Amino acid sequence: MKKIEIRIPIERYEKESELDGNDKTLLQEAREASLSAYSPYSGFSVGAAVRLKNGVIIRGNNQENAAYPSGLCAERVALFFASSRYPGVPIEAIAVTAKTKARVIAEPIALCGSCRQVLSEYENLHGQPIRIIMCGESGPVVIFGKASDLLPMSFSSKDL
Ligand code: THU
């Protein structure tokens with residue numbers, strides 16, 4: 001048996017103000033998107049913003065439903081709209097943040113597994129890495145350079 005170690009490079013900034021211009025703008029867009037989330041059941045409002053290679057920024061937020069599983073995460077709302085409106089245009093980056101009345105979220109928001117899978121699909125489709133910027137309401141920002149770092153050994157069209 002041979003053990004394989006997976007090392008993942010991660011950027012970490014203690015404050016949002018340390019981010020470079022593009023990352024900061026995208027995170028601000030995500031934060032604005034979180035303000036109009038439809039999250040009456042969880043009270044957890046997530047905002048996402050996607051930057052495309054053509055410079056367009058698409059926002060999304062979580063959309064919940066009384067039939068709980070029918071709702072959708074902010075990231076997929078933004079990604080699916082981006083791909084439907086601009087098919088064939090590579091995705092450069094996504095920023096994600098959240099807020100809740102329950103507490104101040106002072107740590108980066110982790111993307112759920114389904115959203116990681118969807119990011120992986122578009123990364124493979126366009127053959128271009130997607131930068132993933134995660135932040136809470138305040139506190140540190142964590143950045144992954146590509147979706148495959150967030151979902152190693154993922155299922156893809158190659159497996160079909
Ligand atoms: N949620 C997102 O929008 N993105 C994530 O990555 C994690 C969870 C939403 C789904 C649901 O509306 C609420 O947050 C609580 O799980």
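**Entry 1: terms for the fold**

I took helices (H or I, at least four residues) and strands (E, at least two) as DSSP runs, numbered from the N terminus. I noted that the model is predicted, so that local features need pLDDT of at least 70 and side-chain atom pairs count only at pLDDT 80 or more, while totals for chains, interfaces and linings use all residues. I number residues from 1 along each chain as its sequence is written, and side-chain values use heavy atoms, with hydrogens and water left out.

**Entry 2: helix 4 and what follows**

I began with Leu-150, which lies in helix 4. I sorted residues by relative accessible area: buried means under 20%, exposed over 50%, and partly exposed in between (1.4 Å probe, protein chains only). Leu-150 counts as buried because its relative accessibility is 8%. What does Leu-150 touch, not counting residues up to four places away in sequence? I found Arg-116, Ile-132, Met-134 and Phe-144, where contact means heavy atoms within 4.5 Å. I also looked up Ala-110, which is 40 residues from Leu-150 in sequence, with 9.8 Å between the two C-alpha atoms.

Asp-149 has its place in helix 4 too. I recorded 12% relative accessibility for Asp-149, so this residue counts as buried. Leaving aside neighbours within four places in sequence, Asp-149 is in contact with Ile-8, Pro-9 and Phe-144. Phe-144 thus appears both among the contacts of Asp-149 and among those of Leu-150.

I then moved to Met-153, in the segment after helix 4 (147–150). Met-153 has a positive phi of about 55° although it is not a glycine. Met-153 is exposed, with a relative accessible area of 87%.

**Entry 3: the segment before strand 1**

I followed the contact of Asp-149 with Ile-8 back to the segment before strand 1 (10–13), where Ile-8 lies. Is Ile-8 buried or partly exposed? I found Ile-8 partly exposed, at a relative accessible area of 30%.

Ile-8 belongs to a nonpolar surface patch together with Ile-4, Ile-6 and Ile-10, with about 410 Å² of accessible area together. Patches are made of residues with over 30% relative accessible area and no salt bridge; like charges are joined within 9 Å, and nonpolar side chains (Val, Leu, Ile, Met, Phe, Trp, Tyr) within 5 Å. Accessible areas come from the Shrake-Rupley method with a 1.4 Å probe, and for residues only the protein chains shown count as cover.

**Entry 4: salt bridges**

How many salt bridges does the structure hold? I recorded 10, a salt bridge being a side-chain nitrogen of Lys or Arg within 4 Å of a carboxyl oxygen of Asp or Glu.

I looked up Glu-5 and Arg-7, whose side chains meet at 2.9 Å, N to O. Glu-5 is exposed at 60% relative accessible area, and Arg-7 is exposed at 69%.

Glu-32 forms a salt bridge with Arg-59, with the closest N and O atoms 2.9 Å apart. This pair ties together parts that are 27 residues apart in sequence, because Glu-32 lies in helix 1 (residues 21–34) and Arg-59 in strand 3 (residues 57–61). Glu-32 is partly exposed at 45%, and Arg-59 is partly exposed at 38%.

Arg-51 forms a salt bridge with Glu-92, at 3.0 Å between the closest N and O atoms. Here strand 2 (residues 44–52), which holds Arg-51, and strand 4 (residues 91–100), which holds Glu-92, are tied together across 41 residues of sequence. Arg-51 is buried at 13%, whereas Glu-92 is partly exposed at 26%.

I also noted a network of salt bridges that links Glu-11, Asp-23 and Arg-131.

**Entry 5: a buried charge**

I turned to Glu-75, which lies in helix 2 (residues 74–85). Glu-75 is buried yet has no salt bridge, and the nearest side chain of opposite charge, Arg-76, is 6.5 Å away. For charge, Lys and Arg count as positive and Asp and Glu as negative; His and the chain ends are not counted. Not counting residues up to four places away in sequence, Glu-75 touches Val-46, Ala-48, Ile-94, Val-96, Leu-111 and Cys-115.

**Entry 6: cysteines**

The contact of Glu-75 with Cys-115 led me to the cysteines. I counted 0 disulfides, a disulfide being a pair of cysteine sulfur atoms within 2.5 Å. Cys-115 is in no disulfide, and the nearest cysteine sulfur, that of Cys-112, is 3.7 Å away. Cys-115 counts as buried, at 0% relative accessibility. Cys-135 is likewise in no disulfide; its nearest cysteine sulfur, that of Cys-115, is 17 Å away. Cys-135 also counts as buried, at 0% relative accessibility.
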